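Work through the exercises below with the sequence and the model open. Try each task before reading its solution.

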Amino acid sequence: GLPRHRPPFVAQVGLFGKPTLVNNVETVYWIRDIIEKGSLWYSDQGKNGRKGFHSFSVSGRVNKPGVKVAPAGITVKELIDDYSGGMIEGHKFKAYLPGGASGGILPASLSNIPLDYGVKELDDEGCFLGSAAIVILSDQDKMKDVGLSLLRFFEEESCGQCTPCRVGTEKTVKEMKKEKWSKSALLDLSIVMADASICGLGQAATNPLKSIMKHFADDIQYE
């Protein structure tokens, strides 16, 4: 299958051309516990004003990576210290991806933001929880290399259907390989891809790039 323009959304025209309800696996997973223990039990489990649980996939520079079932609204610092065994010895917490490859990148100074959907603090930084794939970076990671690796991923994963994503990811990777970045060229590519790509992959592909330009200026050089 290929992405399509919306509307219509799947709730209107989905499987077999009929209105279709889409739930992710995590939603289905909690149904039994909510039925047995009640909705109040579930809603009481969150932190920082949030409700319920999330399955966070924590990877990167931590001692105990893996899938961590933790309260919605937990902070990344709590995930690192209380669920992931702390940072690997010799590594200092520098940054994190709050929502997988397209969820943006935040510095350690913003480690107190609640991790959940619809969190204003994440929205204000151009980030989101997304797949809840939390990647922990340290002072031994070069942000320029991190950004290039992520954009190469999107270049590889692009289905090639729409020009903004197919050509945009290729050109962005080419620009990011340079010793000195062209800030204007990268910003122009980001705008076109976000505005004109058909699906979320192309629309969000440059989120990590924009985060690096915003929060990690000391790690890059411009023309």
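**Exercise 1.** How many residue pairs are in polar contact between domain 1 and domain 3?

*Solution.* Note that the model is predicted. Start with the division of the chain: domain 1 spans 1-44, domain 2 spans 52-138 and domain 3 spans 143-219. Now take the pairs between domain 1 and domain 3, with both residues at pLDDT 80 or more: the count of polar contacts is 0. Check salt bridges next. Across this interface the rule finds 0 of them as well.

**Exercise 2.** Describe the interface of domain 1 and domain 3 by distance, contacts and buried area.

*Solution.* Step one is distance. The centres of domain 1 and domain 3, taken over C-alpha atoms, are 30 Å apart. Step two is contacts. On the domain 1 side 4 residues take part, and they touch 4 residues of domain 3. Step three is area. The size of an interface is often given as the accessible area lost when the parts come together. Here domain 1 and domain 3 bury about 400 Å² between them, with 71% of that on carbon and sulfur atoms. Step four assigns the domain 1 share. Leu2, Pro3 and His5 supply 87% of the area that domain 1 buries against domain 3, more than any other three residues. Step five sorts by type. The residues of domain 1 on this side comprise 2 nonpolar, 1 polar and 1 charged.

**Exercise 3.** Classify the ring pair of Trp30 and Trp41, and place both residues in the chain.

*Solution.* Begin with the total: the rule gives 9 aromatic pairs. For Trp30 and Trp41, the ring centres are 6.5 Å apart and the planes meet at 50 degrees, so the pair is tilted. Then locate the partners. Trp30 sits in the loop between α1 (25-29) and α2 (31-37), while Trp41 belongs to helix α3 (residues 39-43). The two are 11 residues apart.

**Exercise 4.** Which parts of the chain does the salt bridge of Lys47 and Glu78 tie together?

*Solution.* Side chains of opposite charge can pair when their charged atoms come close. The model holds 8 salt bridges by the rule. In one of them, Lys47 and Glu78 meet at 2.8 Å, N to O. Lys47 lies in the loop between α3 and β1 (53-60) and Glu78 in helix α4 (residues 76-83), so the bridge ties together parts 31 residues apart in sequence.

**Exercise 5.** Find the unusual backbone geometry in the segment before α1.

*Solution.* Recall the background: most residues other than glycine have a negative phi, and most peptide bonds are trans. Look at the prolines. The bond from Arg6 to Pro7 is cis, with omega near 0 degrees. The bond from Pro7 to Pro8 is also cis, with omega near 5 degrees. Pro7 is in the segment before α1, and Pro8 is there too. Finish with phi. Phe16 is not a glycine, yet its phi is positive, about 55 degrees. Phe16 likewise lies in the segment before α1.

Notes:
Residues numbered from 1 in each chain as written. Predicted model: local features only at pLDDT ≥ 70, side-chain atom pairs only at ≥ 80, totals over all residues. Heavy atoms only, no water. Domains from an automatic or database assignment. Contact = heavy atoms within 4.5 Å. Buried area = accessible area lost by both parts, 1.4 Å probe. Salt bridge = Lys/Arg side-chain N within 4 Å of Asp/Glu carboxyl O. Polar contact = N/O pair within 3.5 Å; in protein donor to acceptor, adjacent residues only side chain to side chain. Nonpolar A, V, L, I, M, F, W, Y, C, P; charged D, E, K, R; others polar. Phe/Tyr/Trp six-rings, centres within 6.5 Å; stacked < 30°, edge-to-face > 60°. Helix = DSSP H or I, 4+ residues; strand = E, 2+ residues; numbered from the N terminus.
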